Amino acid sequence: ERIQELLGMAQGQDFNALVSVYEQLDAESFLPELKNDTLEMIAKRLEKIRTDECELLVQKLQDEMAGTIKENARHHFYPAEKIMARTVKPASPEETSTIDAALSAYAAGRSRFEYPVFAADTSRNHSGREGMLLTPDNLYYGTRMNSYEIPVTSIASIEASTGLLNRKITL
């Protein structure tokens, strides 16, 4: 009855409400089979919501960058559509290796349903272990020794400046 009550609360709710239901179910005691099956069902729904959102954000960012920022081999967009196998050709390991390296190197603290949108690789060997990673919730960036996280909601403005010796982005 409690699981049905929580699932009823989740019907038609947004992502954050569904995450809240997931966390409540995870924290409460139920028969393991019921709990695991229900958590798996909710997790799949949350993953679909987030990857759909990610796919739309990737497309929007690609459209915005087209014509204003030159294509660069160090820029990597998350292939959400291919990851979810909605295309005939799934994502290859080469397409995701740089983003996967960034996720493990300096964005390991992200939440379970926080998917990347864009990564800029600044590592010397093009490994993806240094640079910047954008998700819908946070901007992660890291160097060899340090990693940082900035919530997207706290970014008031972005300025880019280029010069002969001084190129930078200021948030």
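**Cores, sheet and salt bridges**

Modeller: In this predicted model, the largest nonpolar core holds 17 residues, and Cys54, Tyr78, Ile99 and Leu133 have the most contacts inside it.

Biologist: What makes a set of residues a nonpolar core?

Modeller: Its members must be buried residues from a nonpolar list that includes Leu, Ile, Tyr and Cys, joined through side-chain atoms within 4.5 Å. Cys54, Tyr78, Ile99 and Leu133 belong to such a set.

Biologist: Which elements each supply at least two residues of this core?

Modeller: Helix H3 (32–65), helix H5 (93–106) and strand E2 (118–121) do. H5 gives the largest share, four residues. There's also a second, separate core of 14 residues, with Leu7, Leu18, Val21 and Ala43 among them.

Biologist: Back to leucine 133: which residues is it in contact with, leaving aside neighbours within four places in sequence?

Modeller: Contact takes heavy atoms within 4.5 Å. Among the partners of leucine 133 are Ile99, Ala102, Leu103, Phe118, Leu139 and Tyr140.

Biologist: On to the sheet. What is the order of its strands?

Modeller: It runs E1-E2-E3-E4-E5, an open sheet of five strands with antiparallel pairing.

Biologist: Why do you say that strand E1 (75–77) and strand E5 (147–151) stand at the edges?

Modeller: Each of them has a single partner strand, so one side of E1 and one side of E5 is left without a neighbour in the sheet. As for twist, neighbouring strands are turned by 15° against each other on average, ignoring direction.

Biologist: How do you know that E1 and E2 pair?

Modeller: Pairing needs at least two bridges. E1 and E2 are joined by three and run antiparallel, so the requirement is met. You can find histidine 76 standing opposite alanine 119 in E2.

Biologist: And what makes E3 and E4 a pair?

Modeller: Set against that cut-off of at least two bridges, E3 and E4 have four, in the antiparallel sense. Leucine 134 stands opposite leucine 139 in E4. The two strands form a hairpin with three residues between them.

Biologist: How many bridges join E4 to E5?

Modeller: Five, and E4 and E5 run antiparallel. Asparagine 138 has proline 151 in E5 as its bridge partner. This is a hairpin too, with four residues between E4 and E5.

Biologist: Is E4 mostly covered or mostly open?

Modeller: Mostly covered: four of its five residues are buried.

Biologist: Which strands does H5 lie across?

Modeller: E1, E2, E3, strand E4 (138–142) and E5, running at about 95° to E3. H3 lies across E1, E2 and strand E3 (131–134), at about 145° to E1.

Biologist: Why does serine 123 count as buried?

Modeller: Buried means under 20% relative accessible area. Serine 123 has 3%, so it counts as buried. Serine 123 sits in the loop between E2 and E3.

Biologist: What lies 2.9 Å from a polar atom of the side chain of serine 123?

Modeller: The backbone nitrogen of serine 127. The backbone nitrogen of glycine 128 lies 3.2 Å from a polar atom of that serine 123 side chain.

Biologist: Why is the meeting of lysine 48 and aspartate 52 called a salt bridge?

Modeller: The cut-off is a Lys or Arg side-chain nitrogen within 4 Å of an Asp or Glu carboxyl oxygen. Here the N to O distance is 2.7 Å, so the pair qualifies. Lysine 48 and aspartate 52 are four residues apart in helix H3, which puts about one helical turn between them.

Biologist: Is arginine 50 buried or exposed?

Modeller: Buried, because its relative accessible area is 8%, under the 20% cut-off. Its side chain meets that of glutamate 53 in a salt bridge of 3.1 Å, N to O. Glutamate 53, at 30%, is partly exposed.

Biologist: How many salt bridges does the count come to?

Modeller: Eight. One of them joins glutamate 5 and arginine 2 at 3.1 Å, N to O, with both residues in helix H1 (residues 2–10). Salt bridges that share partners link Arg2, Glu5 and Glu28 into one network.

How values were computed
Residues numbered from 1 in each chain as written. Predicted model: local features only at pLDDT ≥ 70, side-chain atom pairs only at ≥ 80, totals over all residues. Heavy atoms only, no water. Buried < 20%, exposed > 50% of the residue type's maximum accessible area, 1.4 Å probe, protein only. Axes fitted to C-alpha atoms, helices over the stretch in contact; angles between N-to-C directions. Polar contact = N/O pair within 3.5 Å; in protein donor to acceptor, adjacent residues only side chain to side chain.
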